[in-house]
Amino acid sequence: MSKPKILIARAIFGETIERLSQHFDVESNQTDDVWPKALLIEKLKGKEGVFTTGSERIDGELLDACPELKICANMAVGYNNFDIDAMVAHGVTGTNAPDVLTETTADFGFALLMATARRISESEHYLRAGKWTKWAYDMFSGSDIHGATLGIIGMGRIGQGIAKRGAHGFGMKVIYHNRSRLDAALEAECKATYVGKEELLRNADHVVLVVPYTPASHHTIGAVELALMKPTATLVNIARGGIVDDAALAAALRDKRIAAAGLDVFEGEPKVHPDLLTVPNVVLTPHIASATVPTRRAMAELAADNLIAFFGGKGPVTPVTPVTSLAKK
Ligand code: GLV
């Protein structure tokens, strides 16, 4: 019996390709070319499954052109690259890669927060540029993490991980805002208090964004919200580009309307708003919050598990669409 044909849309661990090749006829992209949409469609012709990384847009136009496609398995917890309505309309299953990256991503959120509040990148650039000639009492003074108020917008698993690090590790007062309030036991575990968004922005010393990207969360933080924040506050975005209005943020940083920002994700990435590149009080990283070797391996394994389970008739492990049976498609 011939194996189902799948496409791995970006470069990935050799072991993942070997494992998938035991089950599928695999075409992979180990040269890691970023294919324009037309080429992705071309590559997907005749494929029943695709392993995506979160960068490849799966929409109605692509699905119309690739009628054999049954499942798109994202190696990412976020899946805003999927047009879920179009996938449901085409009977295509989508899966993501949750849980395996929670702690790693929460670690990174905290690292970015600390680098931002304590001006680590900015001071390193200064040193590397040979500008450090003497110690000074006010050199790169930042703001404290310990004992400060941490405001988390988006209290899913990663938000909860950051809350626990802040409350238990650094004695922070944690406030959060989320679409729905956590149950009392989880709030107690995270030592977190639910507040409205405006109250959070006004009171937090550090604001961390971990909300999924949807049309409703577009520009959760724009000029109006930045104006509510303390002038000493820091803002960290490890969620998705588009959650923050990057142009408004660059202006606020330039005018010192907030103290600093740490950004791992950007509107229109990998492009970065040029104004963000010119302000010193921002730490910029290239979407690496889940990037540790064990976690990236676990994410790839989970995406592969989803493809294998789906075509094995067991149903995907971590679906984000209503599960479509193979027979129905
Ligand atoms: C990374 O951004 C992810 O969604 O996994």
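In the predicted model, helix H5 comprises 16 residues, 102–117, and spans 22 Å from its first C-alpha to its last, close to the 22 Å expected at 1.5 Å a residue. Of these 16 residues, 12 are buried, so H5 is largely enclosed by the rest of the structure. The buried set begins with Thr102, Thr104, Thr105 and Ala106, continues through Phe108, Gly109, Phe110, Leu112 and Leu113, and ends with Ala115, Thr116 and Ala117. Just after the helix, Arg119 adopts a positive phi of about 55°.

A second helix, H11, covers residues 246–254 and is mostly covered, with seven of its nine residues buried. The residues concerned are Asp246, Ala248, Leu249, Ala250, Ala251, Ala252 and Leu253. The cover over these buried residues includes the helices H10 and H12 and the strands E10 (234–237), E11 and E12.

At the level of the whole protein, 13 helices and 12 strands are assigned. The radius of gyration is 22 Å, close to the 20 Å given by the globule rule for 329 residues, so the protein is as compact as a globular protein of that length. Along the principal axes, the C-alpha atoms fill a box of roughly 75 × 50 × 35 Å. Buried residues make up 49% of the 329 in the protein. Among contacts with a separation of 6 or more, 62% are accounted for by residues 24 or more positions apart. The exposed surface of the protein is about 15,400 Å², of which carbon and sulfur atoms supply 55%. The protein carries 35 positive and 38 negative charges, and the mean positions of the two sets are 2 Å apart.

Individual positions illustrate how distant parts of the chain are placed relative to one another. Ile12 is located in the loop between strand E1 (5–8) and helix H1 (14–21). With a relative accessible area of 11%, Ile12 falls under the 20% cut-off and is therefore buried. Apart from neighbours within four places in sequence, the contacts of Ile12 are with Ile17, Gln30, Phe51, Met75 and Ala300. The C-alpha atom of Ile12 is separated by 9.5 Å from that of Arg296, and the two residues are 284 residues apart along the chain.

Phe311 belongs to helix H13 and is likewise buried, at a relative accessible area of 16%. Between the C-alpha atoms of Phe311 and Lys3 the separation is 9.8 Å, for two residues that lie 308 residues apart along the chain.

Ala204 occupies the loop between helix H9 (197–203) and strand E9 (206–209). The relative accessible area of Ala204 is 0%, and the residue is buried. When neighbours within four places in sequence are left aside, Ala204 is in contact with Thr149, Gly151, Ile175, Lys230 and Ala233. The C-alpha atoms of Ala204 and Glu269 are separated by 27 Å, with the two positions 65 residues apart along the chain counted as their sequence separation.

Glu269 also takes part in a cis peptide bond, which links it to Pro270 and has an omega near 10°. Pro270 is in the loop between strand E11 (260–263) and helix H12 (274–278). Most peptide bonds are trans, and most residues other than glycine have a negative phi. Two histidines depart from the latter pattern. His219, in the loop between E9 and helix H10 (223–228), has a positive phi of about 50° although it is not a glycine. The relative accessible area of His219 is 27%, and the residue is partly exposed. His287 lies in the loop between strand E12 (282–284) and helix H13 (293–311). Phi of His287 is also positive, near 50°. At 30% relative accessibility, His287 counts as partly exposed.

Notes: Residues are numbered from 1 along each chain as its sequence is written. This is a predicted model: local features need pLDDT of at least 70, side-chain atom pairs count only at pLDDT 80 or more; totals for chains, interfaces and linings use all residues. Side-chain values use heavy atoms; hydrogens and water are left out. Helices (H or I, at least four residues) and strands (E, at least two) are DSSP runs, numbered from the N terminus. The expected span of a helix is 1.5 Å times one less than its number of residues. Buried means under 20% relative accessible area, exposed over 50%, partly exposed in between (1.4 Å probe, protein chains only). Contact means heavy atoms within 4.5 Å. The radius of gyration is taken over C-alpha atoms; the globule rule is 2.2 Å times the number of residues to the power 0.38. Accessible areas come from the Shrake-Rupley method with a 1.4 Å probe; for residues, only the protein chains shown count as cover. Lys and Arg count as positive and Asp and Glu as negative; His and the chain ends are not counted. The place of a charge is taken as NZ of Lys, CZ of Arg, CG of Asp or CD of Glu.
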